[in-house]
Amino acid sequence: DVLAVEEPFASVLLPQFYYTHCYNCYLRCCTLLPCHYCSMVMYCSESCRKASWEKNHCVDCTLLPYLHKQDSNTIEMLAVRIIIMASRDYKSPAEFYRQVKSWKAGDSARESTFDENGQYISQDYKNIYNIVTNTEKRSVADLFKRAVTAARILQCFENKSNFFTSFSPNELLPSDFKLFIGGLLLRHLQNLPCNAHEVSEALRCESDGDVLKCVEIGAAAYATMSLVNHSCEPNVVRHSYRDTVVLRAIRLIKKGEQVLDNYGYHYALHEKEERQSHLKDQYYFICDCEACHDDWPTYFNLNSDKPTYKCQICGFSLPAQLVGEDVICEHCKCSNNIKEILTLLNESSKDYDRHLISVLSGSHDNAVVQQMIEHLEKLDQYIKRPWQEYNNCQEAIKQCYMKLGNYYEIWQMIQFKMEQQMVMFLKLN
């Protein structure tokens, strides 16, 4: 099921895709239009070119070359975009200044995130501003480095763009407005590393055996998605539709159960020690999800021969030795018709194996996707995780949904290489 659909408050396209994708909507296009005033970014249509100029490019048009010469990373570029977008949400810089200063004065937790109607609005800058920064957990060296970066970007804002001069002459800027903008930059340089999300595109390459690859083409700030906690064994998956994100469940989520995303470190791909180390370094927490607590094995070490079955009453594991038609659960003492369960799962697995071939070749239809979901539901009902077939089924379903979003087929790899060479040629000239 689709759980959430969210447009970003702000997003940026990665520089290596400036000449293959629209700078405004992220559509891959072979007939792009350049900006009227620079040769750095391209657009799929006149309407996108106009929309981009009105939203942000009127400021970052002159700013981009200097930020790229300084090797500004994705987080820094996204922080810049957030500041530009946020400042244009208010009638005047003075109003922008007053509003943000009122948040810093400190409202209650609810007042700082919900509007007057009690709704959480993801397009409200307040909710991007209030994303956790982990300032108190950062080292002095880390904070100093980010402060210097904020100062560098602020200098670019002042000397290489019209950001501070684009306001009406009748609008008096607060005396410390530039320091205020620098403070916002520093804040977002702290909260984005823990809360920004990638904008992805799925690529199918004929020369790679039709393997579907997921490529990061941009980054975005989603206020709602940033609220979703991590698990090394998530129950949701995100897919990009241009820069809009769609959140789907990839296993049954019970009433009252937390929705859990994955922050890039999955138990099937990374050992527990590696996951824990990366999560602590970047996100400042020790994960205690089920996969970490029980130290689940990575994918190639997962059990694939003999699954552990669930009791249909209490959900606890049934005995490893299945004798007879009925097996008694040692926890609740209830009887489970194991013969019926085995027959049902065997038939479902045969259908799954057949459908998996069409999914991997990219020739599946909606009926196949639905049958894969039904098989996953049966596995979830009768078998304890981790189980290799469960992972395989999840990944197949993810691949099906991936094709519905940003998706591109490259049937001649040489064409793709020529595109990349053209990008390098344009950059050098």
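These questions and answers look at one sheet and two helix contacts in a predicted model.

Q: What makes strand 1, strand 9 and strand 8 a sheet, and in which order do they sit?
A: Strands count as paired when DSSP finds at least two bridges between them. Strand 1 (residues 2–6) and strand 9 have four bridges, and strand 8 (residues 236–241) has six with strand 9. Both pairs therefore pass the cut-off of at least two, and the result is an open, antiparallel sheet in the order 1-9-8. On average, neighbouring strands here are turned by 20° against each other, ignoring direction.

Q: Why are strand 1 and strand 8 called edge strands?
A: Because each of them pairs on one side only, and pairing takes at least two bridges.

Q: Which residues stand opposite each other along strand 9?
A: Val 5 has Val 246 as its bridge partner, while Tyr 241 faces Thr 244. Between strand 8 and strand 9 there's a hairpin with two residues in between, where Arg 242 takes a positive phi near 60°.

Q: How do you know that strand 9 is mostly covered?
A: Buried means under 20% relative accessible area, and six of the six residues in strand 9 (residues 244–249) are buried. That goes for both faces: Thr 244, Val 246 and Arg 248 on one side, Val 245, Leu 247 and Ala 249 on the other.

Q: What lies across strand 8 and strand 9?
A: That's helix 12 (residues 388–402), running at about 20° to strand 8.

Q: How do you describe the packing of helix 10 and helix 11?
A: For two packed helices you give the angle between the axes and the distance between them. Helix 10 (residues 338–361) and helix 11 (residues 366–382) pack at about 145°, and their axes are 9 Å apart. Their crossing is left-handed.

Q: What makes this a contact, and which residues of helix 10 and helix 11 meet?
A: Contact means heavy atoms within 4.5 Å. On the helix 10 side, the residues that meet helix 11 include Ile 341, Leu 344, Leu 345 and Tyr 352. Among their counterparts in helix 11 are Val 368, Met 372, Lys 378 and Leu 379.

Q: How many residues of the contact of helix 10 with helix 11 are nonpolar, polar and charged?
A: The split is ten nonpolar, six polar and one charged. Lys counts as charged and Leu as nonpolar.

Note on methods: Residues are numbered from 1 along each chain as its sequence is written. This is a predicted model: local features need pLDDT of at least 70, side-chain atom pairs count only at pLDDT 80 or more; totals for chains, interfaces and linings use all residues. Side-chain values use heavy atoms; hydrogens and water are left out. Buried means under 20% relative accessible area, exposed over 50%, partly exposed in between (1.4 Å probe, protein chains only). Axes are lines fitted to C-alpha atoms, for helices over the stretch in contact, and angles run from 0 to 180 degrees between N-to-C directions. A crossing is left-handed if the near helix is turned anticlockwise from the far one by less than a right angle, and right-handed if clockwise.
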